[in-house]
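Student: Please take a close look at one part of this model, the largest pocket, and describe what surrounds it.

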Amino acid sequence: MNVITCENYQETSRKAADIVIGQIKQKPTSVLGLATGSTPLGLYEYLSKAYQNGTVSFSDAITFNLDEYIGISHDHPQSYHYYMDRHFFSKVDIREENTHLPDNDEDRLDAIADEYNALLKENPIDLQILGIGSNGHIGFNEPGTPFGNETFITCLDEQTRKDNARFFGSLEEVPKKAITMGIKNIMRSERILLLANGKEKADAIHGMMHGEVTEDLPASVLQLHPDVTIIIDKQAAKKVSS
Ligand code: GLP
């Protein structure tokens with residue numbers, strides 16, 4: 001694992017944006033795997049600015065998001081469909097038909113998962129962006145998820161629901177289920193870029209890098225991937241030996 005430790009959030013976001021821009025410049029038709037949550041907001045802001053000042057174009061890029069909640073509509077302010085439109089897609093020249101998020105129509109979740117897996121096989125991800133949960137989840141692959149899973153329906157861990165309650169009015173409003181790419185989909189990516197900020201992530205980052213590879217800490221599987229870059233701030237890095 002290649003680790004880049006930064007002074008602060010701005011620096012992690014800028015360094016991540018430089019990597020994404022480099023990827024798109026080198027291959028304009030790149031397939032990007034995208035993440036949500038508070039962590040990549042700065043990255044999306046830098047990318048949007050880079051598009052607006054003519055540094056990069058996303059017109060030929062293809063994107064696949066990791067996950068979506070089940071039980072809230074696409075126009076709910078906390079849905080990941082809404083998040084992606086608001087923070088990235090509406091700000092750059094990406095074509096809507098080239099953007100993909102798992103749908104959350106409860107009448108056909110299994111079919112949606114199968115279709116997403118098929119699309120991912122046709123469009124292998126060149127660069128996957130990841131955040132990490134305080135419990136070590138990636139996407140919504142919670143502790144205990146088999147590493148062999150492809151896109152599937154999951155029950156959210158109580159820790160994840162508590163962590164994400166800050167975005168909703170209360171814990172009760174946080175959905176209990178989600179659809180997420182599986183670890184197997186994530187591990188097929190050519191290159192992985194994981195971002196983390198803040199002391200709340202320090203234990204997960206330490207376990208991911210130095211602990212045993214175990215389904216109890218899903219991000220630890222990244223030790224088995226040949227091309228992972230981790231960009232973290234000093235707080236998230238504080239338990240990591242250099
Ligand atoms: C969320 C997402 C993950 C994200 C993680 C961390 O619930 N499903 O993809 O990486 O939890 O979120 P945050 O960046 O807000 O700490």
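Tutor: What follows goes from the pocket to a helix in its lining, and then to the nonpolar cores.

The model is a predicted one. Its largest pocket holds about 660 Å³ of space. The lining is made up of 33 residues, and those closest to the pocket centre are Gly 37, Ser 38, Asn 164, Arg 166 and Phe 167. Three elements each give two or more residues to this lining: strand β4 (67-70), helix α3 (80-87) and helix α5 (158-164). The largest share is that of α3, with 5 residues. By class, the lining of the pocket has 15 polar, 12 nonpolar and 6 charged residues.

Helix α3 also packs against another helix, α2 (residues 41-52). The axes of α2 and α3 are 10 Å apart, at an angle of about 35°. On the α2 side the contact is made by Leu 41, Tyr 44 and Ser 48, and on the α3 side by Tyr 83, Met 84 and His 87. This contact has 4 nonpolar and 2 polar residues, with no charged ones.

Now the cores. The largest nonpolar core has 68 residues, and Leu 194, Ile 205 and Met 208 have the most contacts inside it. Leaving aside neighbours within four places in sequence, Leu 194 is in contact with both Ile 205 and Met 208, and also with Leu 130, Gly 131, Ile 132, Ile 138, Leu 222, Thr 229, Ile 230 and Ile 231. A second core, separate from that one, has 5 residues, among them Leu 109, Ile 112, Ala 113 and Ile 179.

Notes. Residues are numbered from 1 along each chain as its sequence is written. This is a predicted model: local features need pLDDT of at least 70, side-chain atom pairs count only at pLDDT 80 or more; totals for chains, interfaces and linings use all residues. Side-chain values use heavy atoms; hydrogens and water are left out. On a 1 Å grid over the protein atoms alone, a cavity is a set of points where a 1.4 Å probe fits but cannot get out, and a pocket is an open set with protein on both sides within 12 Å along at least five of seven lines; lining residues have an atom within 4 Å of a point. Grid points are joined across faces, edges and corners, and a volume is the space filled by probe spheres set on the points. Helices (H or I, at least four residues) and strands (E, at least two) are DSSP runs, numbered from the N terminus. Ala, Val, Leu, Ile, Met, Phe, Trp, Tyr, Cys and Pro count as nonpolar, Asp, Glu, Lys and Arg as charged, and the others, Gly among them, as polar. Axes are lines fitted to C-alpha atoms, for helices over the stretch in contact, and angles run from 0 to 180 degrees between N-to-C directions. Contact means heavy atoms within 4.5 Å. A nonpolar core is a set of buried Ala, Val, Leu, Ile, Met, Phe, Trp, Tyr and Cys residues joined through side-chain atoms within 4.5 Å. Buried means under 20% relative accessible area, exposed over 50%, partly exposed in between (1.4 Å probe, protein chains only).
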